[in-house]
Amino acid sequence: MRKSRATYTKVLVGVLVLVTGILLGMQLESAMSDDTRAALQKLENAFLIINERYVEEVDSGALAEHALEGMLEELDPHSVYIDVETMRRVEEDFSGGFEGIGISFEFIEGIEGQDTLTVLSVIPGGPSEEVGLHSGDRIVEIDQQSALGFETADVQRTLKGPRGTSVDIVVVRPGYTRPIEFTIVRDRIPLNAVDAAYMIDDVTGFIKINRFSGTTHREFRQAVDELSAQNMQRLLLDLRGNSGGYMEMAVQISDEFLPDDALIVSQRGRIREANQSYVGSSRGLLEGLPVIVLVNEASASASEIVAGALQDHDRGLIVGRLTFGKGLVQQQHLLPDGSAMRVTIARYYTPSGRLIQTPYAGGDREDYMDSKRELHANTALLSAQEIIDSVPDSLLYKTASGRTVIGGGGILPDFITDIDSASIFLREILSRNLANTYARTWYDREGEALVARWGDDRNGFFASFVVEDVEFQKFLEYARVRGVLIGDEEGAFSDSDIEADRPYLEARIKARLAVRIFDLEAFYPVMHPQDKTLQAALKLWPEAEALVNN
């Protein structure tokens, strides 16, 4: 994609102050070449001329931010500038927690089209649970101010805050005639990296990791300990949708599966300190335990380090779809105002020597993502062996036992699963989020009765709760009222269309109900019978066990 003149102008203005500070702070000024020093002087001159002579007063800070963005766009798609507000959210995500009231929330359509902030679930042990906030509560006031029409930024601004401070809220609870007032004292709220950890059957453990944050390894070990106490003899590790995070966390988790001194990942860059290798350091919790790793197109970076290390050492079976393909290492530099700059300093390689970064030309992110979508589309209907046969010899590598794997664009699973294709009827339901919103209306009607019956019997709910026919017919009427064509009219979905998707829809409604009765983890065991990739993986334990035995 051709860069506009404005983009280059951004590069040439406003950057001097920050660049000079960065270079001085990193003690690199003395190492600058004459050409670099001349270029820096050019930027300084441009910045001063614009600030002193432009026809209107300029915002120097904004110019500097645009200049940083422009410079980084010329490098690669993963070298980025992060503004102050975004950086705060990033720090929360990867520090493993924030300070607030302890709820997950959603917005529902309210009066006069204004969205209403609604409690989806209450974090166990948090301050909201302590005062008695419930799933389904509509928060209509926060500190004597209306919360109607709030957006996510408004929620963060009003409900997050320093630990020990309080916030007054007013909620409307379905089934109650009067609003309820709460005073909640904010506290430290954990952001869990492990979404779910439980036994699928008598011997199979399941762990779902959503990110590689500062707490991921600790959470993972705790999950392994708990599942081991339940006789776990094999593990299904789900990294689907995990876009990565800290390399250190990926190394530590890989180390739990691999023997001492096994190479986990190496990185190579232009500067000496960027060249490092990471190896297994001590006996792991899971050495010798069969493992299957689930991945997809959204598994990236640190997820690919784990998958690549286990695949190259023939330690685990990789199942799913070709991964994202991010093999670049970024170093983060904090800037004086709290913003940050992430600069790629190295490429990383799996133990067999594979670079799994997909090719890119400069830092144009739109072109980069388009090329990835094209790659995944072109390989979607091929088997792993067909893909291997299609790549040049220069991208073929061998695992420890001599199996062929490929580099140059993601981790290719050992077993590729079919894309989960949805019917037109199912896409219509899911695009409107009707299974979720219907579960909310059901909980609004019968939440207290559902909690009284199932709240202390989680496994019983998973095993025996069903969406009865009368309730499913209510759901269909709910969908019909909201514009889904069902019935005898022309173009409407027929009974056969509906019946084909009924098991999935019933599971989806049940799963969303489970989240409200229990917690976010409850979604997974309900949906697993409908998860085609997971069900395919459960049939591959002989292959995973053969890797361990060999």
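**Strand E5 and Ser104**

Student: What makes strand E5 (residues 138-142) count as mostly covered?

Tutor: Four of the five residues in E5 are buried, that is, under 20% relative accessible area (exposed is over 50%, partly exposed in between; 1.4 Å probe, protein chains only). A strand is a DSSP run of at least two residues, numbered from the N terminus. The model is predicted, with local features needing pLDDT of at least 70 and side-chain atom pairs pLDDT 80 or more, while totals for chains, interfaces and linings use all residues. Residues are numbered from 1 along each chain, and side-chain values use heavy atoms, without hydrogens or water.

Student: How do you know that E5 pairs with strand E4 (residues 115-122)?

Tutor: Pairing requires at least two DSSP bridges between the strands. E4 and E5 are joined by two and run antiparallel, so they pair. Leu117 stands opposite Ile139 in E5.

Student: Which bridges join E5 to strand E7 (residues 166-172) and E6 (residues 145-146)?

Tutor: Four antiparallel bridges link E5 to E7, where Val172 faces Arg138. Two antiparallel bridges link E5 to E6, with Gln145 as the partner of Ile142. Two residues separate the strands of this hairpin, and Asp143 has a positive phi near 50°.

Student: Why is Ser104 called buried?

Tutor: Its relative accessibility is 17%, which is under the 20% limit, so Ser104 is buried. Ser104 belongs to strand E3 (residues 103-109).

Student: What makes the Ser104 and Ser121 side chains a polar contact?

Tutor: They come to 2.5 Å. The limit is 3.5 Å between N or O atoms, one able to donate a hydrogen and the other to accept it; residues adjacent in sequence count only through side-chain atoms on both sides.
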